[in-house]
Amino acid sequence: MRVSRRDFIKIAAASSAAFVLAQYKMDIIKVFAQHGDYVHICWLNGAACTGCSVSLAQAADPDLLEVLMSITTYTSGLPIALPDWMYVVHPASGSLAVEYINDWIKHEGPGPKILVVEGAMQSPGFCETGGRDFRDWVQDTAQAADYIVAFGSCSSFGGIPHAKGNPTGAMGVQDFLIEVGMEDKAKGVINLPRCPGHPDSLILVLASLLEGVVPELDKYNRPKAFYGRNIHEEQCPFRAFYDRGIFADFGQSEQGCRFKIGCKGPVTWADCPTRKWNDHTSFCIEVGAPCIGCSEPAWPDGDYAPFFVELPQVPTLLGYPAESWGTAFAGAAALGVAVHLARRAMKKKTAEKHKEKGGD
Amino acid sequence: MTSFRVDPISRIEGHLKIECKIERIPELNNEYFVTECRAPVTMFRGFEIFMVGRDPRDALLFTPRICGVCPNPHSITSAMALDDAFDATPPPAAILIRNIEEAAYYIYDHLIHFYLLIGPELGVIMGPEYGAPILPPVAGIAGLSKGIGTHYARCIQVQRRANEVVAMWGGKFPHVTSYYPGGVLVEPTLGRIANTVTSLVPLWEFVALTHIQDIMNLLKANERLKEVTGAVLGVNVGLEDIGIGTGNFLSFGMMPEVESYEDDWLDTSKRNNSLIKAGAFYDGSRHPLDENKITEDAKYSFYDVPDGLHPWDGLTVPNKDKPGAYSWTKAPRYDGKVFEVGPLARMLNTFGMEWRIPRVHPITGEDYGDFVYRVRNPKGSVLDRIVARAACVLLVANSVFKYVNQLVSLVKEGRVSTMNKKPVPKEAKGRGLWEAPRGALSHWVKIKDYRIAHYQCVVPGTWNWSPRDSKDRPGPGESAIQCGTTWVPTLNVIEIANALYSGWGDVLAQALTKLNPKYARLNMEPTDTGEYVNATIALLVVRSFDPCLACGVH
Amino acid sequence: MYRTTVKRHDLGIRILHWLIVIEGVLLGLTGLQMGGIWGVRLFPGGGTWALHVVTGLAWIFTSLYLLYYLIATGEYRWYGLRRLPYGCRYLYNEVKAWFGMGGHVHEPIKFDNDREEYIEKLVPTEIIVWWIFVFLGILIMLTGLAMAFPQQFQPLLQFFDVFKVILGGGGYSIARSLHTLSMFIVLGIFFLHVYAVFLYRMVKSIIVGTREEPVS
Ligand code: HEM
Ligand code: HEM
Ligand code: NFV
Ligand code: SF4
Ligand code: SF4
Ligand code: F3S
Ligand SMILES: [Mg+2]
């Protein structure tokens, strides 16, 4: 049975629930199988750590092997190699590899051409591959692509390479395309941030795109199904501790909200607490660590780093956080009252006749 | 003299290209051999720049992002650098948890390299009988039932299980979040320990039985290879004869023993009790490590910095237009000399030239016989690097059960604390030294006013893929490619496979052509005179190092 | 000069005032607990956050109602913004007097017994306190809402995000800092306010409504 477009819109919308992908696993696999030989993916790595590629290999529902093998089972024995080009798994190197990328650019139907970018874009001269600046590759492939997927925080928003100081002018693919005057292409980029990108998000989005369904996106072009909910407000398993004001210190993973050790869950929109990582094994907060907000555009700066410093202490004035200034002010007021009171009491004693101000 | 290049290189991490000069050698059947090689690394991000000014603890979460293939070594190395700076020795449970997490991670990394990255080449060399299981399953599930790609496919699943253990303790993989100066954030619950053991048993079985068997098959196939090359070239050339190194091997040690952590491990000139010892192996024997002998040159690197700086004084001032420079890696040297790092360096420094590693099932106690290997080429070679990697992963798969048992004992005694919490120091310095899968890794941090004032990383990818140094000596990778035995045939992969095992090339061609008709031209590169040469052997040398360039440049 | 008993605050004002006080104390205590500040931990169970936010919303509406009430009863004229300079001058002179420079100002409250209305109803510092409360109230409301309902109030978060240029951080943490800071300032003003009302012997008036006022 062919999976219908309507089914897919439904799956894409529902996939924010943790095990929905597992539930629809067979449908997702079928989509890849249906398209078989016509899955045309070009996967480029810019200023990347390759963690996003590695993350894809950790996919669980369905796992990478299931996806790859399904393609071969349902079609005429295509070997196990999903993308037309991808550095880390591809058999070819050198001039043949360059030819494959160019073939992908020239290729015409059937089936959509999907460009997956891993890693940030940079100013000219900081990343070269196949004899050209990486920027040129992305411009050409983006021009040819039916869909562009930025997998991971680097390609979505610049990620770690665009951390304050940013010596290479790193930025996300969307910003880059705007910079080089490709606004129309920039508009369509689907961002799948997190560091690394979550494999579920990529597999579902690829399957959706094969069906011609673009998932509903938020204002940063992230699919709402994965990034629609706040970690702290709507999902965190340690929320009950927060509400009771019980906080974990460093080295206490079993109890207490991580807020005091720097959890950025309150400013992070991603589904880690429910979806988790590595076949639903765990996620940052569960092992006693703070969420560092790796899914957000400003990350790692803005609200996020320093990672082990609690949120309200991040903006400081003259080096002191709000709590210190506040305590000082309230303390000063209390002290003022005390001094005033003490002086009045003394005066009253020494000069009973002295008329008190404001009184009778 | 003519030349060719390979750019990009797939199935490695990051952006590396090789530019080779080749010459026909009359004594060797007038075949082409590489006489000179440059290996430029072509991507730079600038971690050592944008980490300055940050909270020192942020290094724990920034440095793993240097590399998503080996994030864990950076996590633990930055943690040890901060332990040092914060003057915080982790409690025993934390040391064991770090060991367990790194061990599980390590199993994933080495397996991925053997099966997914270098496997396809080895599979071709090993032929239809031994090689098929480690080739990608070219005929889908049907192929799997015939054995083709079974180990390749199982590796994809096994590495995933290994990383689930990493995630149990570290939150997620890649990029764990649970390290902290003076320990780890995660507590050793019985649930975590039980799940760890459950996952580790099948990992051990894959490593000790399947993977080691594949290695033994490779050794057999290598003899066949020598016969065939003997027929073509007039000399027997096996995998131990290509990619010959410098004979200098550096190891920083890994997996400390809890009992001797302070006396033995923290003193990097000792590190005798750890699973892998620290040391500099040259002139055929191990010498104690001396941290002060590490320096970095930058003559051919895109940085405006002086040569010969120790990482405590290291500088990172990028200049992408620097005349004469050709790589974003610096050129680390030890005692002023070129040193190779990696699994072979670990094994030589720890066990010398002959290794014997038991294979006793951790649960049933069944003995599958020791894995024994004598180093074939003491200067290093493709074969020795590959076998050393397998030996290391077996060693780690054995020892992780010891760490788990020790942790269980601690939990029973109630010694569960995983944190020796210390405040961020106002002014301090610290360094961490560790063995990442690809070799010796070090982080060097200075703290001023509670902020990072200086952060330098000298990474395995920097050591092995360094460009030429201030004395114009090529780095270990470059040396191995231009060692004189890198044959660049004009035959294509299919023809070579047919020469190795008759009909084998045709089988491969059939499978590959379905994927894309152009695959017959796999690894065939045009020279500047327009001829096509086969770069497979050069690439085999490259991949024998398991290069990681995101690491190398950071 | 003599004094006469005057109805100073009608029932509505008094109820609203004490409602605000109760809500304020609840907000402060729950807030301190949530923020893990000073080790305050009075509320067991999982409802601290809900209590804080619900009380916060109630507090916003009570304050709005108080404002409306003051305007409707004409009392607002004593607090008008135009009278702020007058309050400041008074405070300035009093502080100077306290340090021995110049004399104290006489209590300005005066009641016109014939026309049965105040000539001056307030100690002028009350005007200052009032306006500080109004300003902080708005800030607390905006920051509180932005944190409590980040989804619905995203524009607010974006507004606070602008201040990162000076403060660093981002929208949420700036909002949170301002919220916490305002809370502390309210606490400080609260000390002064409570002290002052004892000093000026006004406590009775906000409980039973009457006070002995000086007649002109
Ligand atoms: C007099 C009034 C208020 C006081 C004294 C007050 C005080 C506090 C304090 C001390 C905190 C903890 C800050 C920290 O963690 O550092 C807090 C948090 C909070 N306040 Fe208030 N607050 C007041 C009014 C409000 C109002 C009107 C709202 C809006 C509905 C509100 C919503 C919140 C929320 C949502 C948080 C926690 C933010 C989070 O979920 O992380 N507060 N408040
Ligand atoms: C967060 C806590 C409080 C807030 C926000 C607050 C606010 C106010 C405001 C706005 C007024 C002016 C209302 C009016 O006279 O029309 C006022 C008056 C007054 N408050 Fe409070 N108050 C607080 C706590 C208290 C407490 C705890 C006391 C008593 C111990 C108190 C005693 C008074 C008195 C006596 C007046 C009347 C002053 C006068 O007659 O002019 N207040 N307060
Ligand atoms: N080189 C390197 Fe790494 C490793 N192993 C480093 O520490 O790979 Ni990305
Ligand atoms: S998003 Fe993270 S994991 Fe992905 S390439 Fe960037 S740094 Fe690596
Ligand atoms: S929990 Fe937070 S830091 Fe961890 S992966 Fe999710 S969004 Fe990123
Ligand atoms: S509730 Fe959870 S999201 Fe963070 S702030 Fe506390 S651990
Ligand atoms: Mg460096």
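User: Which runs count as helices and strands, and what pattern does chain C follow along the sequence?

Analyst: Helices (H or I, at least four residues) and strands (E, at least two) are DSSP runs, numbered from the N terminus. In this predicted model, local features need pLDDT of at least 70 and side-chain atom pairs count only at pLDDT 80 or more, while totals for chains, interfaces and linings use all residues. Residues are numbered from 1 along each chain as written, chains are lettered from A and ligands numbered from 1 in the order of writing, and side-chain values use heavy atoms, with hydrogens and water left out. Read along the sequence, chain C follows β-α-α-α-β-β-α-α-α-α-α-β, which comes to eight helices and four strands. Its C-alpha trace spans about 60 × 40 × 35 Å along the principal axes.

User: How is strand S1 of chain C joined to S4(C), and what are its covered and uncovered faces?

Analyst: Strands of a sheet pair through backbone hydrogen bonds, either parallel or antiparallel. Two strands count as paired if DSSP finds at least two bridges between them. Here five bridges join S1(C) to strand S4 (residues 210–214) of chain C, and the two run antiparallel, with Lys7(C) standing opposite Thr210(C) in S4(C). In a regular strand the side chains alternate between the two faces of the sheet. For strand S1 (residues 3–7) of chain C, Thr4(C) and Val6(C) form the covered face, whereas Arg3(C), Thr5(C) and Lys7(C) form the uncovered one.

User: Which protein atoms are the donors of the iron atom of ligand 1, and why is the arrangement octahedral?

Analyst: Donors are N, O and S atoms within 2.8 Å of the metal (3.2 Å for Na, K and Ca), and water is not among the atoms, so sites may look incomplete. Ideal angles at a metal are 109.5 degrees for four tetrahedral donors, and 90 or 180 degrees for six octahedral ones. In practice, six donors count as octahedral if opposite donors are over 155 degrees apart and all others between 65 and 115. The protein donors of the iron atom are His52(C) and His179(C), each through NE2, lying 2.0 Å from it. The arrangement is octahedral because the six donor atoms around the iron atom of ligand 1 subtend angles of 78 to 179 degrees. The histidine pair links distant parts of the chain, 127 residues apart, with His52(C) in helix H2 (residues 48–72) and His179(C) in helix H7 (residues 171–199) of chain C.

User: Are His52(C) and His179(C) buried or exposed?

Analyst: Buried means under 20% relative accessible area, exposed over 50%, and partly exposed in between (1.4 Å probe, protein chains only). His52(C) is buried because its relative accessible area is 13%, and His179(C), at 16%, also counts as buried. Of the 216 residues of chain C, 45% count as buried.

User: Which residues of chain B are the donors of the magnesium ion (ligand 7)?

Analyst: The protein donors are Glu48(B) (OE), Cys457(B) (O) and His554(B) (NE2), lying 2.1 to 2.3 Å from the magnesium ion. In sequence these donor residues are spaced E-x408-C-x96-H. Cys457(B) lies in strand S16 (residues 451–458) of chain B and His554(B) in the segment after helix H17 (549–553), 97 residues apart, and both residues are buried.

User: What is the strand order in the open sheet of four strands in chain B?

Analyst: The order is S8-S7-S6-S11, with mixed pairing, and the edge strands are S8 (285–287) and S11 (340–341) of chain B, each pairing on one side only. Two bridges join strand S6 (residues 249–254) of chain B to S11(B), which run parallel, and the bridge partner of Leu250(B) in S11(B) is Val341(B).

Notes
Four donors count as tetrahedral if all angles lie between 85 and 135 degrees; four count as square planar and six as octahedral if opposite donors are over 155 degrees apart and all others between 65 and 115; anything else is irregular.
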